[in-house]
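Subject: Handover of a structure

Dear colleague,

Please find below the structure that I am handing over to you. My findings follow it, and I would be grateful if you read them with the model open.

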Amino acid sequence: MIRVVLADDHRLVREGIAGLLRLAKDIAIVGQASDGAEAVEVVRREKPDVALFDVRMPKLTGLEAFERARAGGFAPKTILLTTFDDDAVLEAAIAAGVSGFLLKDVSFDALVDAIRKAAAGERVGAIVTSTVRDKVARAGLEFDASESPEPLTAREIEVLRLIAAGMSNREIADVLHVAEGTVKNHTSAILAKLGVRDRTRAVLKAIQRGDL
């Protein structure tokens, strides 16, 4: 079972999402919270696999709750939920390392799929929008300063574009008609060449360098 904590200050929204998720046989709602501070306490107590945090909550925002939980020693895979497409929040979420960022009007199937992917350690939802692309150069996001003179290959750029679209390794493998292990090898090479630690930073660094 994937253990989930849900935090949203709107009770009807929170209960509605919880009710839908109970229909998924492999997902269990182990805690709920009505504000960001309570969300941190519930996460610390329940230690869920995945947290669904509303972006805008009293006391602490969803992103602040994620960062507070991580600073306290335990941060589950976290998906931020919002009713609007806020590029500024998306940029901050990417930089902080959350697992995903989804609009609340996402379908039930898409939400369940996102939770499953997050629990498996994959990124979910939109990673880069056109507006974010325009802002990356001045967003102040920090990267590993090391640069590799070795350029990305055409195949690595192709893989990176699919990563930027939010695809998992398995999905990329299906699109490119290669083995999933091959995609993992390409991803490892991309991270090494760009001098970054994860897939999201790789996308942002590639945009900054002009590779994408």
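To begin with the strands, R3 stands opposite A28, a residue of β2. The chain passes from β1 by way of helix α1 (residues 11-21) to β2, and this β-α-β crossover is right-handed. Strand β1 covers residues 2-7 and strand β2 covers residues 27-33; the two pair in the parallel sense, with six bridges between them. Please keep in mind throughout that this is a predicted model.

A second β-α-β unit involves β3 and β4. Strand β3 (residues 50-54) runs parallel to β4, and five bridges join the two. Within this pairing, D54 has L81 of β4 as its bridge partner. Between these strands the chain goes through helix α3 (residues 62-71), and the crossover from β3 to β4 is again of the β-α-β kind and right-handed.

Strand β4 also pairs with strand β5 (residues 100-103), in the parallel sense and over four bridges. Here T82 finds its bridge partner in L103 of β5. As for its surroundings, β4 (residues 77-82) is mostly covered, since five of its six residues are buried. When you look along any of these strands, a general point may help: in a regular strand, side chains alternate between the two faces of the sheet.

Next, I would draw your attention to D8. This residue is located in the loop between β1 and α1. Is D8 buried or exposed? D8 has a relative accessible area of 1%, which is under the 20% cut-off, and therefore counts as buried. A polar atom of the D8 side chain lies 2.8 Å from the backbone nitrogen of H10. Neighbours within four places in sequence aside, D8 is in contact with V13, R14, A33, S34, D54, M57 and K104. Of these contacts, D54 was met above as the bridge partner of L81.

Finally, there is the matter of open space. Rolling a probe the size of a water molecule over the atoms shows where empty space remains. The largest pocket has a volume of about 270 Å³. Its lining is made up of 13 residues, and those nearest the centre of the pocket are G121, E122, R123, N169 and R199. Which helices supply at least two residues each to the lining of the largest pocket? Both α8 (169-176) and α9 (180-194) do so. The largest share of this lining, four residues, comes from α9.

Yours sincerely

Key
Residues are numbered from 1 along each chain as its sequence is written. This is a predicted model: local features need pLDDT of at least 70, side-chain atom pairs count only at pLDDT 80 or more; totals for chains, interfaces and linings use all residues. Side-chain values use heavy atoms; hydrogens and water are left out. Two strands pair if DSSP finds at least two bridges between them. A crossover is right-handed if, with the strands pointing away from the viewer, the path from the first strand over the helix to the second runs clockwise. Buried means under 20% relative accessible area, exposed over 50%, partly exposed in between (1.4 Å probe, protein chains only). A polar contact is a pair of N or O atoms within 3.5 Å; within protein, one must be able to donate a hydrogen and the other to accept it, and residues adjacent in sequence count only if both atoms are side-chain atoms. Contact means heavy atoms within 4.5 Å. On a 1 Å grid over the protein atoms alone, a cavity is a set of points where a 1.4 Å probe fits but cannot get out, and a pocket is an open set with protein on both sides within 12 Å along at least five of seven lines; lining residues have an atom within 4 Å of a point. Grid points are joined across faces, edges and corners, and a volume is the space filled by probe spheres set on the points.
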